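This report describes the fold, the nonpolar cores and a few selected residues of one protein chain. The sequence and structure are shown first.

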Amino acid sequence: MPDLLHISASPRGEESESLRLAATFLDTYRTLHPGADVDEWDLWDGTLPPFGPAAARAKMTVVGGGTPTGEQAEAWAAAKAAFARFDAADRILFSVPMWNSGVPYVLKQFVDVVSQPGLVFGLDPATGYEGLLAGRGKRVAVVYTSAVWAPGLGREFGTDFQSPFFTGWLNWTGIDDVTEIRFHPTLTGDAEEARRIAADAARDTAKTF
């Protein structure tokens, strides 16, 4: 069981602002927790299974109380394995750049893969959804970055569907201990000052994580 899981949704490597801030967070965390087991999950590395027809049918089979078989069973097993890696850590860091006002598609794929009945959620016809990760002591930090959109700007600079979607999903799973680390310098702002403030926030969050 890792002490901390870092899930990266950015494919830009050293050019990624979200990954730079994640690295600042992780450097601080490792300094304070020597020998900590940190699992680095790059969602672009090919280990995330697809969520296609077989997986969708498997999900609905389970929702209906059945047991997936054949291709469905294989897809269900892959989804459960991905969830197990996500669920293994009680401390999770996400690095999430803004793409087209939302999140990178690979992060939405991750959400679709792990959001399974009996794992992430329960469903009651009378009371609705139940987040099954509630009360488990899980803590999440999310690095949100964007280059054009920023709070206070008009819609001509984009709209924030990034954090409402992803923090909303985390809360839906039952995880309510979520800290957001933000870097939104805009095209005309003081990027260095914004970067310094975001880096300080990353360090401060890591110190109490």
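## Secondary structure and overall form

The chain contains 6 helices and 7 strands. Read from the N terminus, the order of these elements is β-α-β-α-α-β-α-β-β-β-α-β-α. The radius of gyration is 18 Å, close to the 17 Å that the globule rule gives for 209 residues, so the chain is as compact as a globular protein of that length. The model is a predicted one.

Along the principal axes, the C-alpha trace spans about 55 × 45 × 35 Å. Of the contacts between residues at least 6 apart in sequence, 74% join residues at least 24 apart.

## Burial, surface and charge

Buried residues make up 47% of the 209 in the chain. The exposed area of the chain is about 10,300 Å², and carbon and sulfur atoms supply 53% of that area.

The chain carries 18 positive and 27 negative charges. The mean positions of the two sets lie 1 Å apart.

## Nonpolar cores

The largest nonpolar core has 34 residues, and the members that touch the most others are Phe86, Phe94, Phe110 and Phe166. At least two residues of this core come from each of β1 (4-8), α3 (71-87), β3 (91-97), α4 (105-114), β6 (139-145) and α5 (162-173). Helix α4 gives the largest share, with 6 residues.

A second core, separate from this one, has 18 residues and includes Leu4, Phe25, Ala202 and Phe209.

Apart from neighbours within four places in sequence, Phe166 is in contact with Phe94, Val96, Leu107, Val111, Val142 and Tyr144. Among these partners is Phe94, which is itself one of the residues that touch the most other members of the largest core.

## Isoleucine 7

Ile7 is located in strand β1. The relative accessible area of Ile7 is 1%, and buried means under 20%, so this residue is buried.

Leaving out neighbours within four places in sequence, Ile7 contacts Trp41, Leu43, Phe86, Ile92, Leu93, Phe94, Ser95 and Phe110. Three of the names in that list, Phe86, Phe94 and Phe110, also appear among the residues with the most contacts to other members of the largest core. Leu43 is 36 residues from Ile7 along the chain, while their C-alpha atoms are separated by 6.9 Å.

## Glutamate 17

Glu17 belongs to helix α1, which covers residues 17-32. Its relative accessibility is 19%, and the limit for burial is under 20%, so Glu17 counts as buried. Not counting neighbours within four places in sequence, Glu17 is in contact with Thr145, Phe183 and Arg195.

## Aspartate 177

Asp177 sits in the loop between α5 and β7 (178-183). With a relative accessible area of 31%, Asp177 falls between the 20% and 50% limits and is therefore partly exposed.

Residues up to four places away in sequence aside, Asp177 touches Lys138, Arg139 and Val140. Asp177 and Ile197 are 20 residues apart in sequence, and the distance between their C-alpha atoms is 22 Å.

Methods: Residues numbered from 1 in each chain as written. Predicted model: local features only at pLDDT ≥ 70, side-chain atom pairs only at ≥ 80, totals over all residues. Heavy atoms only, no water. Helix = DSSP H or I, 4+ residues; strand = E, 2+ residues; numbered from the N terminus. Rg over C-alpha atoms; globule rule 2.2 N^0.38 Å. Buried < 20%, exposed > 50% of the residue type's maximum accessible area, 1.4 Å probe, protein only. Contact = heavy atoms within 4.5 Å. Areas by Shrake-Rupley, 256 points an atom, 1.4 Å probe, with all protein chains shown as cover. Lys, Arg positive; Asp, Glu negative; His and termini not counted. Charge placed at Lys NZ, Arg CZ, Asp CG, Glu CD. Core = buried A, V, L, I, M, F, W, Y, C linked by side-chain atoms within 4.5 Å.
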